Amino acid sequence: MDLIPAPLSSVRLPDEDFPLDHATTLTAAPALADAERWLRTSLTAATGLPLGPGRSGEGIELVHDESLAGEAYRISVRPGRAVVTAAGPAGALWGAQTLRQLLGPDAFRRAPLRRTGWVLPGTDIEDAPRFGWRGVLLDVSRHFLPKADVLRFLDLLAAHKLNVLHLHLTDDQGWRVEIKRYPKLTERGAWRERSMVGYRLGNRRDDRPHGGFYTQDDLREIVAYAADRQITVVPEIDLPGHTQAAIAAYPELGNADVVDTSALGVWTDWGVSPHVLNASEGTLRFFEGVLEEVLEIFPSEFVHLGGDECPKEQWKESAAAQQRITELGLGNEDELQSWVIRHFDGWLAARGRRLIGWDEILEGGLAPGAAVSSWRGFAGGIAAAQAGHDVVMCPEQHVYLDHRQGPADEEPIPVGFLRTLEDVYRFEPVPRQLDEEAARRVIGTQANLWSEFMDSARDIDYRAFPRLAAFAEVAWSALPTEPAARDFEGFDRRMAAHLARLDALGVEYRPAGGPHPWQRRPGVVGRPIEGAPPVK
């Protein structure tokens, strides 16, 4: 049956197949109506079968059973009946996704290629996820991704039972969320004059303006669309570094006693800008206002505030920053950054939300409810878990999917660590250094897609897939925790069937033999990001 991600258990019953026809019905318990609606919409479009409502005990039925845990589900297929059993909407949707896989790749199309020959194979399946946070970061700041492409990406996440979209909305290179009380953030901060071509290639620019932003209603639509697919959207508003776009819009946010912030534009380089927020009361109130509007749009428990890669040079030179350090009784600029993060940690907690940030936020101490995204390897995640903080493991050496997946001479812009499909499949999110109690603090794992080198949905497809399918199995399935013990050969065989599903979905993934000629970029050569291993 070649299911991806692999279920806990599945038994093929070859004499128990269920052929579907125009009389086949689809029924669900009221608590599972959302999954029923999604399944009917998807399968009716692909098969041409009406799948109208029927009676309990016949056809395809979604059954509510609260004895199952969380996102778990069961599937039983016999002649004339297919039953998906779940405790709630999430398990029912994941079961419905598996049911679609059972029908074959044509079930992933938006219009029928045929109206007969649809067969659900006889089977018994039991399934449940390993992690509650199965995430993907999508950077829409470096390159803006239109709303329709974000919605399409959500469909791809749901098809792989991934349930968190971490949306990186702000950075030096662009501000992408409408804030009504501060309109210049998108009037000015959402647009840059040009972009780098490749990575550090003699300062090459394309001299083409780039930008865009999501209105608040756009984002509410994205959140609602995701929720219908059991995906939580976690917004990221980066601070106090990665903020040049905001400073370009509102120069008073920067360190104006050091540089002429009124002359700043949205940054046109990749990497990390030296221009960071000042730590004045006015700047704190400004971002509290930003976050008030963000909280109205995003109901997620967690709000990501970045907290990473904050250069301190301007604070060292700023008389205002030095006075602030003295007033607060802090020792240095590092402690000032920590103080800013702790301020917003408490601000969010007072409103019933939880801060999550990159592992640098550990350096100044955190409130008990704050969580950590461990990106600089495992060390930050280990320290956070041992200190009692929840952790999402996303080490750049393993799951930064914008990094290259083949030899440098093959890849369009071969940056970062070389990580193949097999490398991603053998990634283990829970470090063996953690004892049982600390290991429970690893609430999940996340693959990250930074968009410096992805300026379209086609580029995202190429870098994400097929590796995101391997990551999905790592996040969902009960694989051996020892990477060498995992059956990559078996996964690779199943991927042959899964690639046909991706083809039906229109995903322009990287072929196993290397990029298609049109996926290459003649004349554009990249170099590995600093700190990455040499190009091989």
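Here is a short exchange about strand β10 and the cysteines in this predicted model.

Me: What makes strand β10 largely enclosed by the rest of the structure?
Reply: Buried means under 20% relative accessible area, and five of the five residues of β10, residues 164–168, are buried, so the strand is largely enclosed. Both of its faces are covered, with V164, H166 and H168 on one side and L165 and L167 on the other.

Me: Why are β9 and β10 called paired?
Reply: Happily, this is a simple count: two strands pair if there are at least two bridges between them, and five bridges join β9 (residues 133–139) to β10, so the two are paired, and they run parallel. Within this pair, G135 stands opposite V164. The chain passes from β9 through helix α3 (residues 147–159) to β10, a right-handed β-α-β crossover.

Me: What makes β10 and β15 a pair?
Reply: The cut-off is at least two bridges, and β10 and β15 (residues 232–239) have five, in the parallel sense, so they pair as well. Here L165 stands opposite V233 in β15.

Me: How do you know that C394 is in no bond with C310?
Reply: A disulfide needs two cysteine sulfur atoms within 2.5 Å. The sulfur of C394 has its closest cysteine sulfur in C310, 19 Å away, so the two are too far apart for a bond. The count of disulfides comes to zero.

Me: Why is C310 called buried?
Reply: Its relative accessible area is 7%, and the limit is under 20%, so C310 is buried. C394, at 0%, is buried by that rule too.

Note on methods:
Residues numbered from 1 in each chain as written. Predicted model: local features only at pLDDT ≥ 70, side-chain atom pairs only at ≥ 80, totals over all residues. Heavy atoms only, no water. Buried < 20%, exposed > 50% of the residue type's maximum accessible area, 1.4 Å probe, protein only. Helix = DSSP H or I, 4+ residues; strand = E, 2+ residues; numbered from the N terminus. Right-handed = clockwise from strand over helix to strand, strands pointing away.
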